[in-house]
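Below is a short note on the model, set out as numbered points. Please read it alongside the coordinates.

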Amino acid sequence: MASDSLQAAIQSTPLWLQVALLILVADFVLYWEHRVFHEVRRLWLFHAVHHSVETMDWLAGSRAHVVQIFIERGLVMLALYLLGASKEALDIYVTFAALQAIIIHSNLNVPWGPLKYLLVTPQFHHWHHSSEKPAIDTNYSAHTVLFDRLFGTYHFPKAHWPAEYGTTQKLPGSYLGQLFYPFRRR
Ligand SMILES: [Zn+2]
Ligand SMILES: [Zn+2]
């Protein structure tokens with residue numbers, strides 16, 4: 001699937017443009033992967049593990065089912081590999097993505113200024129984790145708010161933060177309980 005001419009064209013662009021392209025392409029893949037994991041019942045059972053946290057902190061982003069992590073990282077890296085951006089651009093993207101994932105889950109109520117209209121911030125992603133009705137199945141983007149705006153899933157009351165977090169149906173509390181939760185007979 002890799003195209004030599006596409007990869008050569010991308011590698012000839014400045015580093016900042018390659019990084020911007022990687023962020024946008026990854027965000028598009030992650031938006032749809034995330035949305036499908038919410039809207040397809042069998043896949044939601046895997047993603048519910050990520051949503052089982054009821055108090056948000058910087059480690060909350062690390063809670064996810066191994067099956068979903070494998071699919072998510074695999075899809076993003078496949079798309080980025082096909083683009084063929086330089087190693088430096090990939091290194092910057094991966095660092096940015098890892099730091100942003102920690103920041104958006106943390107309890108960090110700092111003013112982001114105009115950046116909150118462009119990037120996914122803690123308050124925006126906290127709304128994604130809210131179990132309050134209007135916030136359910138919104139704010140799927142990982143990096144920028146663009147695709148939620150574009151595909152009608154943007155929910156961001158900036159005046160306040162969610163009062164309730166977690167899933168409407170409780171998950172088991174133990175590690176093994178959550179690991180086997182998607183495979184349980186219903
Ligand atoms: Zn989610
Ligand atoms: Zn999250």
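1. His126 and its surroundings. This is a predicted model. His126 sits in helix H6, which covers residues 122-128. Its relative accessible area is 0%, so His126 is buried, the cut-off being under 20%. Leaving out residues up to four places away in sequence, His126 touches Met56, Ile104, His105, Ser106, Asn107, Trp161, Pro162 and Tyr165.

2. Overall fold. The protein has 8 helices and 0 strands, and the order along the sequence reads α-α-α-α-α-α-α-α. The radius of gyration is 17 Å, close to the 16 Å from the globule rule for 186 residues, so the protein is as compact as a globular protein of that length. The C-alpha trace spans about 50 × 40 × 30 Å along the principal axes.

3. Burial, contacts and surface. Of the 186 residues, 41% are buried. Among contacts with a separation of 6 or more, 69% are between residues 24 or more positions apart. The accessible surface of the protein is about 10500 Å², and carbon and sulfur atoms account for 67% of that surface. As for charge, there are 14 positive and 13 negative charges, and their mean positions lie 9 Å apart.

4. The zinc site. Which residues coordinate the zinc ion (ligand 1)? The donors are His34, His38, His47, His51 and His128, each through NE2, at 2.0 to 2.2 Å. Their spacing in sequence is H-x3-H-x8-H-x3-H-x76-H. Of these donors, His38 and His47 are both buried. The zinc ion (ligand 2) is 5.9 Å from the zinc ion (ligand 1).

5. Helix H3. This helix runs over residues 41-51, and its buried residues are Leu45, Phe46, His47, Ala48, Val49, His50 and His51. Two of the zinc donors, His47 and His51, are thus in the buried list of H3. What do the buried residues of H3 pack against? They pack against H2, helix H4 (66-83), helix H5 (87-105), H6 and helix H8 (175-180).

6. Arg42. Arg42 is also placed in helix H3. In contrast to the buried residues listed above, Arg42 is exposed, with a relative accessible area of 52%. The exposed class begins over 50%, so the value of 52% puts Arg42 in that class. Arg42 and Phe183 are 141 residues apart along the chain, and their C-alpha atoms are separated by 9.2 Å.

7. Glu33. Is Glu33, a residue of helix H2, buried or exposed? Its relative accessible area is 7%, so Glu33 counts as buried under the 20% cut-off. Apart from neighbours within four places in sequence, Glu33 is in contact with Gln68, Glu72 and Leu75. For a pair 83 residues apart along the chain, Glu33 and Lys116 have C-alpha atoms separated by 23 Å.

8. Glu39. Helix H2 spans residues 15-39, and Glu39 belongs to it. Glu39 has a relative accessibility of 49% and therefore counts as partly exposed, a class that ends at 50%. In space Glu39 and Asp137 are 8.0 Å apart, C-alpha to C-alpha, while in sequence they are 98 residues apart.

9. Asp137. This residue is in the loop between H6 and helix H7 (146-150). Its relative accessible area of 34% falls between the two cut-offs, so Asp137 is partly exposed. Phi of Asp137 is near 60 degrees, a positive value in a residue other than glycine. Most residues other than glycine have a negative phi.

10. Asn139. Where is Asn139? Like Asp137, Asn139 lies in the loop between H6 and H7. Phi is again positive, near 55 degrees for Asn139, which is likewise not a glycine. Asn139 has 0% relative accessibility and so counts as buried, whereas Asp137 is partly exposed.

Methods:
Residues are numbered from 1 along each chain as its sequence is written. Chains are lettered from A and ligands numbered from 1 in the order in which they are written. This is a predicted model: local features need pLDDT of at least 70, side-chain atom pairs count only at pLDDT 80 or more; totals for chains, interfaces and linings use all residues. Side-chain values use heavy atoms; hydrogens and water are left out. Helices (H or I, at least four residues) and strands (E, at least two) are DSSP runs, numbered from the N terminus. The radius of gyration is taken over C-alpha atoms; the globule rule is 2.2 Å times the number of residues to the power 0.38. Buried means under 20% relative accessible area, exposed over 50%, partly exposed in between (1.4 Å probe, protein chains only). Contact means heavy atoms within 4.5 Å. Accessible areas come from the Shrake-Rupley method with a 1.4 Å probe; for residues, only the protein chains shown count as cover. Lys and Arg count as positive and Asp and Glu as negative; His and the chain ends are not counted. The place of a charge is taken as NZ of Lys, CZ of Arg, CG of Asp or CD of Glu. Donors are N, O and S atoms within 2.8 Å of the metal (3.2 Å for Na, K and Ca); water is not among the atoms, so sites may look incomplete.
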